[in-house]
Amino acid sequence: MKVIKEFFEKYQDHDVTKVTLENDNGVAISCLSMGATWYEFLVPQKNGQQKNLIMNFAHCADYYANGLCCCQGIGRVAGRIKKGQFTLNNKQVQVPTNENGNTLHGGNGGFRFLNWSVATEQSDDSVSVIFKKTIDEKTDGFPGDFEATITYTLNNQNQVTISEKAINGGKATLFNPTIHVYFNLSDASNLDSHEIKINSQKYLQLDSQLIPTGKMLMTANTPYDFHEFKNLATAIRENAGFDDAFVIDGPENEMKEVAILREKESGRQVKITSESNCLVMYTMSQEQPGVKFVRDQGIVAQPSEAVALEAQVLPDAINHSNFGNIILPANETKTHQITFSYLQK
């Protein structure tokens with residue numbers, strides 16, 4: 001096991017740290033302190049080089065020049081909150097809005113805009129990087145102050161576990177974090193050779209602003225049916241892309257399989273497990289002006305070049321009693337966990 005901690009660059013007067021974790025199998029991840037960003041997911045190839053399975057940018061500024069939230073920490077609340085409004089402890093709360101009058105991914109003071117403190121841990125079987133930040137009401141406009149920790153752990157089973165924890169202060173708040181991870185497992189700038197299976201039989205109906213209406217629709221006999229492996233590019237064409245929330249089958253608050261993404265030509269495969277009840281899938285199917293991923297060597301990204309897979313509690317849960325509980329009571333602690341398991345077939 002190996003840990004490398006180094007200076008990445010200066011961004012808006014912040015010293016940004018890059019931490020690389022490598023296991024005994026030659027699998028490695030790297031993360032940036034800015035945004036608690038997952039920067040690389042490197043797996044060994046037959047030619048002895050490493051392949052990055054996730055999308056990244058060369059500089060921090062590139063992450064904030066578009067709305068992709070690419071592979072960054074998302075919180076306090078992932079997804080959209082309608083009109084930035086909700087009731088908490090019988091009080092009406094208004095938080096800052098940042099998209100069409102709604103609040104998206106924690107607003108403009110959310111996790112991804114923060115530069116986090118960095119620590120590392122190492123054992124015989126795993127290595128971790130721990131990002132920590134004290135977040136108060138003035139930072140993001142949400143009620144309550146708490147201490148947030150985002151920990152990335154890589155083990156010798158080629159599993160990356162992301163644990164997001166909040167230790168709350170004396171006022172109730174909301175907590176529904178995720179990591180906005182974009183995958184392309186192939187060597188091509190498309191998803192043509194990708195297949196996905198999602199452990200879901202229902203998805204959320206959304207309005208024109210992508211806000212949940214409250215209805216859950218059946219996936220059977222629709223483009224949303226990924227109960228068995230389906231070619232992702234074909235499904236994208238059938239549905240003109242996806243920016244949707246899938247309801248995950250199985251008991252809440254217990255780790256379970258969420259989805260498996262695999263690439264036919266290379267045999268690369270990533271399985272996602274989480275205790276959350278939702279997977280948001282976003283296929284970036286629009287034109288992406290100005291988006292230049294490192295892997296494309298200066299060429300603008302293609303529509304549907306990658307797929308974002310975000311395990312979380314269902315979006316706008318605070319306004320729908322059957323979507324899951326995202327309230328973090330005063331003086332309590334909550335942890336959300338997502339594991340990405342890599343397999344080469």
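# Exercises on a predicted β-rich chain

In strand β25, M281 has D244 standing opposite. The model examined here is a predicted one, and the exercises below begin from this pair of residues.

**Exercise 1. Determine which strands pair with β25, and in which sense.**

Solution.
- Step 1. D244, the residue opposite M281, lies within β22, which covers residues 243–248.
- Step 2. Between β22 and β25 there are five bridges, in the antiparallel sense.
- Step 3. β25 is also joined to β26 (residues 307–312) by five bridges, and these two strands run antiparallel.
- Step 4. Two residue pairs illustrate the β26 side: Y282 stands opposite A308, and C278 has Q312 as its bridge partner.

**Exercise 2. Decide whether the residues of β25 are buried or exposed, and state how they point.**

Solution.
- Step 1. The strand spans residues 278–282, and five of its five residues are buried.
- Step 2. C278, V280 and Y282 point one way, while L279 and M281 point the other way.
- Step 3. Residues on either side are thus covered: all of those named are buried. The cut-off applied is a relative accessible area under 20%.

**Exercise 3. Place β25 in its sheet and explain why one side of each edge strand lacks a neighbour.**

Solution.
- Step 1. The sheet is open and has six strands, in the order β17-β26-β25-β22-β19-β20 with antiparallel pairing.
- Step 2. The edges are formed by β17 (181–183) and β20 (212–218).
- Step 3. Each edge strand has a single partner strand, so one of its sides is left without a neighbour in the sheet.
- Step 4. On average, and with direction ignored, neighbouring strands of this sheet are turned by 30° against each other.

**Exercise 4. Describe the largest nonpolar core and the surroundings of Y182.**

Solution.
- Step 1. The largest nonpolar core contains 80 residues.
- Step 2. The residues with the most contacts inside this core are W38, F41, Y152, Y182, F183, M281 and F340.
- Step 3. Strand β13 (residues 146–155) gives the most to this core, namely five residues.
- Step 4. Another core, of 20 residues, lies apart from it and includes I81, A245, V280 and L314.
- Step 5. Beyond its neighbours within four places in sequence, Y182 has contacts that include L53, I54, M55, Y282, M284 and A308. Among these, Y282 and A308 also stand opposite each other in β25 and β26.

**Exercise 5. Explain why β12 is described as largely enclosed, and identify its partners.**

Solution.
- Step 1. Seven of the ten residues of β12 (residues 126–135) are buried, so the rest of the structure largely encloses this strand.
- Step 2. β11 (residues 117–122) pairs with β12 over six antiparallel bridges; A119 has I130 as its bridge partner.
- Step 3. The connection from β11 to β12 is a hairpin through three residues.
- Step 4. β12 and β13 run antiparallel and are joined by ten bridges, with S126 opposite N155.

**Exercise 6. Explain why the chain is judged as compact as a globular protein of its length.**

Solution.
- Step 1. The chain comprises three helices and 28 strands.
- Step 2. Its radius of gyration is 19 Å, close to the 20 Å given by the globule rule for 345 residues, so the chain is as compact as a globular protein of that length.
- Step 3. The C-alpha trace spans about 60 × 50 × 40 Å along its principal axes.
- Step 4. Buried residues make up 58% of the 345.
- Step 5. Of the contacts between residues at least 6 apart in sequence, 63% join residues at least 24 apart.
- Step 6. About 14,200 Å² is exposed, with 44% of it supplied by carbon and sulfur atoms.

How values were computed
Residues numbered from 1 in each chain as written. Predicted model: local features only at pLDDT ≥ 70, side-chain atom pairs only at ≥ 80, totals over all residues. Heavy atoms only, no water. Core = buried A, V, L, I, M, F, W, Y, C linked by side-chain atoms within 4.5 Å. Buried < 20%, exposed > 50% of the residue type's maximum accessible area, 1.4 Å probe, protein only. Helix = DSSP H or I, 4+ residues; strand = E, 2+ residues; numbered from the N terminus. Contact = heavy atoms within 4.5 Å. Pairing = 2+ DSSP bridges. Rg over C-alpha atoms; globule rule 2.2 N^0.38 Å. Areas by Shrake-Rupley, 256 points an atom, 1.4 Å probe, with all protein chains shown as cover. Axes fitted to C-alpha atoms, helices over the stretch in contact; angles between N-to-C directions.
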